[in-house]
Amino acid sequence: MSVEDLLVTPLHAWHQSHGGKLVDFAGWAMPVQYSSIVEEHNAVRQRVGLFDISHMGRLTFAGDDTIDWLERLTTNHVARLQPGQIQYSLMANGGGGLLDDILVYRLSHGYLVVCNASNRSTVVDQLERHREAAVAQLVDRTLDTAMIAVQGPKALETFQPLFPAPLDSLKYYHATMGRLFDSVDAVVSRTGYTGEDGLELIVPATEAEKVWNALLESGKTYGILPCGLGARDTLRFEAAMPLYGHELSETINPYAAGVGWAVKLRKGEFIGRDALEKFKADPGQTRVGIRVEGKRIARQGSIVRQGGQDVGLVTSGTFSPTLGLSLAMALVDPAVSEIGTALRVDVRGREEPAEVVELPFLRRSDSQVAAR
Amino acid sequence: MDPKTLKFAPSHEWVHLDGDVATIGISRFAVDQLTDLIVIDLPAVGTKLTPGKSFGEIESVKAVSDLYAPIAGEVVEVNSAVSGNVQLLAEAPYTKGWLIKIRVDDPSAIDNLLDHDAYERKVAEEPH
């Protein structure tokens, strides 16, 4: 990996000077961890953690026909969004395969789509290719903005001193705008990819370090830690949140993946609608949670078996820092998807006993569902 | 073990030779690069080690890494404390965290390994 070939976020210099272990993620130089993945994970579950997620795509839309355009290109019902509301959605191709999972925001001045870094050009290409008569403006704001996630039970307390309006009135999956330090315009959403309460902020790239440092200072009293993509993955995994390229892809339909609720077949015509309707009737596979005996991790691609037959594949697996268990998510034959079903998982040539458990593995401030 | 008295393989395993019995472990550098250790898979007593070939695995949250045999021999003892709790390795890679003891085929083969200073120089050159 040559760092010169990678895109860098507005916080790159900070990561470099603070022990960020940088790796190539979707063509961006991103920190996997600063200290320990488990420490960073625990900081988010117990206190508050800070993530640079500037690599995510941020696309803005302005113009009256934005709604129709987005309606045709995405699976959820855009027209239903209230001002300030955000919806999880999917972009499908004509065959019902998924190109990305996204968040669609309705802001006061237009719409915003946040997409995966790995799919930004695919998403933009798809939108433009199917623009048809839409005259709305699409502007890719990824490179001139930064996005920072503040996540954990102390996230709101950490951010509140920096924000002029009370945050507890900001509802989950809603966004607001406000000015930090009397000068920095920010979009603030009560969203996240960790399974904890928290916020995601979008600010101009030039202000990223100032905001980041202010958050670290404000969060010091709660024991805030900067967190990398390693912890981001273990956190979203415990909350059973899908990751494109693992639980979602062009060959995994949303009903198999467990996100069929983001597909509104009755809203009218949209790309992939007919194919998705067929998948709804017969998803073919089911995403399940699996608890693997022992500590070896069943990573993506590990074969799941029952009675000597291959019954599925692992999509993601890890050793859960919070639960202290080897866990996996897998797409399996619906016949073996019932909670408690005994299975075996081939972990690098050695089969480990396993069992289907409930998803999510962990609920926010709740009992540990997998540890039964 | 005092790391300064040990011999090292470029793949980060260390060796302490006492007669024809070698104690093998991995370096502090290797442990710090891995972070977040979950479990270690060590060979059974009686297993024959071939230099350069994997004799076990160490798994961290991020990845699985092979343990490479620095010298030929037969396993005569396995550190079951580390097998049971890999954190011992993270805490003390040169003492409590030793991994296996082997009866070496040829004690002079240890001369092919790096001494502590040479290993430290090599590690300093590595991108990290």
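This report covers the overall build of two chains, their contact, and some local detail in each.

**Model and confidence**

The structure is a predicted model. The predictor gives the complex an ipTM of 0.89 and a pTM of 0.94. Chain B has a mean pLDDT of 95. In that chain, 98% of the residues reach 70 or more.

**The two chains in outline**

The table sets out like values for each chain.

| Chain | Residues | Radius of gyration | C-alpha span along principal axes | Buried residues |
|---|---|---|---|---|
| A | 372 residues | 21 Å | about 65 × 50 × 45 Å | 48% |
| B | 128 residues | 13 Å | about 35 × 35 × 25 Å | 38% |

Chain A holds 9 helices and 19 strands. Its radius of gyration is 21 Å, close to the 21 Å from the globule rule for 372 residues, so chain A is as compact as a globular protein of that length. Take the contacts in chain A between residues at least 6 apart in sequence: 66% of them join residues at least 24 apart.

Chain B holds 4 helices and 10 strands. Along the sequence these elements follow the pattern β-β-β-α-β-β-β-β-β-α-α-β-β-α. A compact globule of 128 residues would have a radius of gyration near 14 Å, and the 13 Å of chain B agrees with this. Among contacts in chain B with a separation of 6 or more, 60% come from residues 24 or more positions apart.

**Where the chains meet**

The contact takes 12 residues from chain A and 7 residues from chain B. On the chain A side, α2, α7 and β16 (309-320) each supply at least two residues. The chain A residues at the contact divide into 5 nonpolar, 5 polar and 2 charged.

**Helix α2 of chain A**

One of the contributors to the contact is α2(A). The helix spans residues 37-46 of chain A and is mostly covered. How many of its 10 residues are buried? The count is 7. They are I37(A), V38(A), E40(A), H41(A), A43(A), V44(A) and R45(A). In an α-helix there are 3.6 residues a turn, so residues three or four places apart point the same way.

What do the buried residues of α2(A) pack against? Their partners are three strands and a helix of chain A: β3 (49-52), β9 (145-151), β13 (225-227) and α7 (229-238). Helix α7 of chain A also supplies at least two residues to the side that touches chain B.

**Strand β3 of chain A**

Strand β3(A), a packing partner of α2(A), has buried residues pointing both ways. G49(A) and F51(A) point one way, L50(A) and D52(A) the other, and all are buried.

Strand β3(A) pairs with two strands that also pack against α2(A). With β9(A) it runs antiparallel, joined by 4 bridges. With β13(A) the pairing is parallel, over 3 bridges. G49(A) takes part in both pairings: it stands opposite Q151(A) in β9(A) and opposite L225(A) in β13(A).

**The sheet of chain B**

Chain B has an open sheet of 7 strands with antiparallel pairing. The strand order is β5-β8-β9-β3-β2-β1-β10. Which strands form the edges? They are β5 and β10 (114-115) of chain B, each pairing on one side only.

Within this sheet, β1 (residues 7-8) and β2 (residues 13-18) of chain B run antiparallel, joined by 2 bridges. In that pair, F8(B) stands opposite W14(B) in β2(B).

**A loop residue in chain B: K53(B)**

The edge strand β5 (48-49) of chain B is followed by a loop that leads to β6 (54-60), and K53(B) is found in this loop. Is K53(B) buried or exposed? K53(B) counts as exposed because it has 11 C-beta neighbours inside 10 Å, where the cut-off for exposed is 12 or fewer.

K53(B) still has contacts from further along the chain. Leaving out residues up to four places away in sequence, K53(B) touches Y68(B) and A69(B). The C-alpha atoms of K53(B) and D66(B) are separated by 8.9 Å, with the two residues 13 apart along the chain.

Definitions and conventions:
Residues are numbered from 1 along each chain as its sequence is written. Chains are lettered from A and ligands numbered from 1 in the order in which they are written. This is a predicted model: local features need pLDDT of at least 70, side-chain atom pairs count only at pLDDT 80 or more; totals for chains, interfaces and linings use all residues. The radius of gyration is taken over C-alpha atoms; the globule rule is 2.2 Å times the number of residues to the power 0.38. A residue is buried if 20 or more other C-beta atoms lie within 10 Å of its own, exposed if 12 or fewer, and partly exposed in between; C-beta atoms are placed from the backbone. Ala, Val, Leu, Ile, Met, Phe, Trp, Tyr, Cys and Pro count as nonpolar, Asp, Glu, Lys and Arg as charged, and the others, Gly among them, as polar. Two strands pair if DSSP finds at least two bridges between them. pLDDT is the predictor's confidence in each residue, from 0 to 100.
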